[in-house]
Amino acid sequence: MPADDPVIAGRFDGLEHRFPVRVYFEDTDLSGVVYHANYLRFMERARSDMLRLAGIDQRAAHEAGEGAYAVTRMQLRFAAPARLDDALTVVSRLVRVRAASVDIQQRVMRRDELLVQAEVEAAFVAPNGRPRRQPAQWVDAFVPLVMMGN
């Protein structure tokens, strides 16, 4: 089961998943701050490990020909830059589960300071790229993690 994988990063703190990130030189641009597209990489890694900890095996679903998640919408707000060697935390939480997609809120934090906020919609798609229902056991795993009233 994916949740037993010892290399999974992050942890659930209540309904929020917290994923640690260190800023390396390769993450920065010429001005010494994190290049904007690298925040997407940090958030993708956090979402993937959050799903693993929830018991979702994306690789097995893909290899079985069931499908995979694809980001269909993402809205970002950049509030402050991260810099070389900063210790960051990507905080993720599921906010809505539908038959074929999930909505996830993510925040990239430096301690208590918000750096980037994202609203993400990920659709489950068949190998042909068309939306399809998520596996029922995945929906069952998500329901306890959804924060209501958002």
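Start by selecting N38 and showing what surrounds it: beyond its neighbours within four places in sequence, N38 is in contact with E26 and D27. Keep in mind as you click around that this is a predicted model. N38 sits in helix α1, and with a relative accessibility of 9% it counts as buried.

**Stop 1: from N38 to D27**

Stay with D27 and add R41 to the selection. These two form a salt bridge, with the closest N and O atoms 3.8 Å apart. D27 belongs to the loop between β2 and α1 while R41 is in helix α1, so the pair ties together parts that are 14 residues apart in sequence. How do the two ends differ in exposure? D27 is buried at 2% relative accessibility, whereas R41 is partly exposed at 30%.

While you're on that loop, pick Y24, which also lies between β2 and α1. Y24 counts as partly exposed, at 49% relative accessibility. Now draw a distance from the C-alpha of Y24 to the C-alpha of A87: you should get 9.8 Å, for two residues 63 apart in sequence.

**Stop 2: Y39 and the rings around it**

Go back to helix α1 and select Y39 together with F42. Being three residues apart in helix α1, they are separated by about one helical turn. Their rings make an aromatic pair of the edge-to-face kind, 6.1 Å centre to centre with 80° between the planes. Both residues are tucked away: Y39 has a relative accessible area of 2%, and F42 is buried at 1%.

Add F78 and you have an aromatic cluster made of Y39, F42 and F78. F78 comes from strand β3, and at 43% relative accessibility it is partly exposed. Turn on the surface here and colour L40, L76 and F78: together they make a nonpolar surface patch of about 230 Å².

What else does Y39 touch? Leaving out neighbours within four places in sequence, the contacts of Y39 are V34, F78, A80, P81, A82, V108 and V116.

**Stop 3: the nonpolar core**

Time to hide the surface and look inside. In soluble globular proteins, nonpolar side chains tend to be buried together. In this model the largest nonpolar core has 32 residues, and those with the most contacts inside it are Y39, Y69, L88, V90, L94, V108 and F142. Which elements should you colour to see where it comes from? Two or more residues each are given by β2 (16-22), α1 (36-53), β4 (87-97), β5 (101-110), β6 (113-125) and α3 (136-142).

From that list of core residues, select Y69 and bring in F124. Both Y69 and F124 are buried. Their ring centres are 5.6 Å apart and their planes at 75°, so this pair is edge-to-face. It links distant parts of the chain, with Y69 in strand β3 (residues 68-78) and F124 in strand β6, 55 residues apart. The structure has five aromatic pairs, and you have now visited Y39 with F42 and Y69 with F124.

**Stop 4: more charged pairs**

Side chains of opposite charge can pair when their charged atoms come close. How many salt bridges does the model hold? There are 13, including the one between D27 and R41 from earlier.

For another, select R110 and D86, whose side chains meet in a salt bridge at 2.6 Å, N to O. This pair links distant parts of the chain: R110 is in strand β5 and D86 in the loop between β3 and β4, 24 residues apart. Are these two buried or exposed? R110 counts as buried at 13% relative accessibility, and D86 counts as buried at 16%.

Next, pick E16 and R18. Their side chains form a salt bridge of 3.1 Å, N to O. Here the two fall in separate exposure classes: E16 is buried at 17% relative accessibility, while R18 is partly exposed at 24%.

Finish by widening the selection to R11, D13, E16, R18 and R107, which are linked in a network of salt bridges. Show these five as sticks and the tour ends there.

Terms used: Residues numbered from 1 in each chain as written. Predicted model: local features only at pLDDT ≥ 70, side-chain atom pairs only at ≥ 80, totals over all residues. Heavy atoms only, no water. Core = buried A, V, L, I, M, F, W, Y, C linked by side-chain atoms within 4.5 Å. Buried < 20%, exposed > 50% of the residue type's maximum accessible area, 1.4 Å probe, protein only. Helix = DSSP H or I, 4+ residues; strand = E, 2+ residues; numbered from the N terminus. Contact = heavy atoms within 4.5 Å. Phe/Tyr/Trp six-rings, centres within 6.5 Å; stacked < 30°, edge-to-face > 60°. Salt bridge = Lys/Arg side-chain N within 4 Å of Asp/Glu carboxyl O. Patch = residues over 30% accessible without salt bridge, like charges linked within 9 Å, V, L, I, M, F, W, Y side chains within 5 Å. Areas by Shrake-Rupley, 256 points an atom, 1.4 Å probe, with all protein chains shown as cover.
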